[in-house]
Amino acid sequence: MRLDVVTIFPEYLEPLNVSLVGKARARGRLDVHVHDLRRWTYDRHHTVDDTPYGGGPGMVMKTEPWGEALDEVTAAGYEAGAHGPVLVVPTPSGRPFTQEVAVELSRRPWLVFTPARYEGIDRRVTDEYATRMPVYEVSIGDYVLAGGEAAVLVITEAVARLLPGVLGNAESHRDDSFAPGAMANLLEGPVYTKPPVWRGHGIPDVLLSGHHGKIARWRRDEALRRTARHRPDLIERCDPAAFDKKDRETLSNLGWAPEPGGRFWRRPDDVEE
Ligand code: ADE
């Protein structure tokens, strides 16, 4: 997969050299190119922003540097043999970046990121490139960052670990929380490793029982418990067919009950601490 990032803070993308993404690069799974947007400015101050039409606070990133940068970056990519680019625009007004979007992007051969500072990029830039390639405007969460660079790191890490040969174990992400097609989207429960007792804290006996069925059931119950506590919206959204008899029993013990349509709702008078 080829990645191009155009930014006014190339050094912000340094983490792409380390850890899992760095390894993916070293293994030749990822070909990363970071470009300084100011290379495509021609005034003394290397201006990339200007005041917004219609007034209002903040500054808007200008069309010309972005247009020239994206033209040159995509031309260079095509010349190097890349194909099928997708423009990924991190913005708080994008659609939520989810595991499903990560999987979608991991299947693309070439991602071009345009992290913006200030109030964002002049709309005509995305409109222009939308005529040439798919555009994904994505938000990594309901908060506002000072710029999109951190979002590029987040998206790249989520995508890179899905590339074949990067995690090492093809099974590793099948059980991810939020994996698309997971029976029910549950958060993963707690995990333990050696030693068996640490500062007086033991581990649940069932994990030492060697009984795979009981261990799987325990893990499922812990996942339900954690999801019910931290993300009740995920339980409410679940197709009731995703819950087996024991799931229903566990949910009922946690204060949840099926409504007539079958979906689960927490009984309001029975909220667990
Ligand atoms: N830029 C600023 N805030 C952002 C967010 N929440 N997601 C993606 N890009 C952003």
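**View 1. Strand S5 gives the largest share of the shell around the ligand, 3 residues.** This is a predicted model in which local features need pLDDT of at least 70, side-chain atom pairs count only at pLDDT 80 or more, and totals for chains, interfaces and linings use all residues. Residues are numbered from 1 along each chain as its sequence is written, and side-chain values use heavy atoms, with hydrogens and water left out. The residues around the ligand (a heavy atom within 4 Å of it) include Pro90, Thr91, Pro92, Val138, Ser139 and Ile140. By type, the shell holds 8 nonpolar residues, 4 polar ones and no charged ones; here Ala, Val, Leu, Ile, Met, Phe, Trp, Tyr, Cys and Pro count as nonpolar, Asp, Glu, Lys and Arg as charged, and the others, Gly among them, as polar.

**View 2. Backbone atoms meet nitrogen of the ligand.** For threonine 91, a polar backbone atom is 3.2 Å from a ligand nitrogen. Look next at isoleucine 140, with a backbone N or O atom 3.0 Å from a nitrogen atom of the ligand. Leucine 145 also places a polar backbone atom 3.0 Å from a ligand nitrogen. (A polar contact with the ligand is a pair of N or O atoms within 3.5 Å.) On its own the ligand has 260 Å² of accessible area, and the protein covers 97% of this, by the Shrake-Rupley method with a 1.4 Å probe. Strand S5 (85-96) and strand S7 (135-139) are the elements giving two or more residues to the shell; strands are DSSP runs of E with at least two residues, helices are runs of H or I with at least four, and both are numbered from the N terminus.

**View 3. An open sheet of 5 strands runs in the order S2-S1-S6-S5-S7.** Its pairing is parallel, and two strands pair if DSSP finds at least two bridges between them. Strand S2 (31-36) and S7 are the edge strands, each pairing on one side only. On average, neighbouring strands are turned by 25° against each other, direction ignored. Between S5 and S7 there are 6 bridges, and proline 90 has valine 138 in S7 as its bridge partner.

**View 4. Helix H3 (residues 99-106) lies across S5, strand S6 (110-113) and S7.** H3 runs at about 170° to S5. Helix H5 (residues 149-160) packs on the sheet too, touching strand S1 (2-7), S5, S6 and S7, and its direction makes about 165° with that of S6. Contact means heavy atoms within 4.5 Å; axes are lines fitted to C-alpha atoms, for helices over the stretch in contact, and angles run from 0 to 180 degrees between N-to-C directions.

Notes. Polar contact = N/O pair within 3.5 Å; in protein donor to acceptor, adjacent residues only side chain to side chain.
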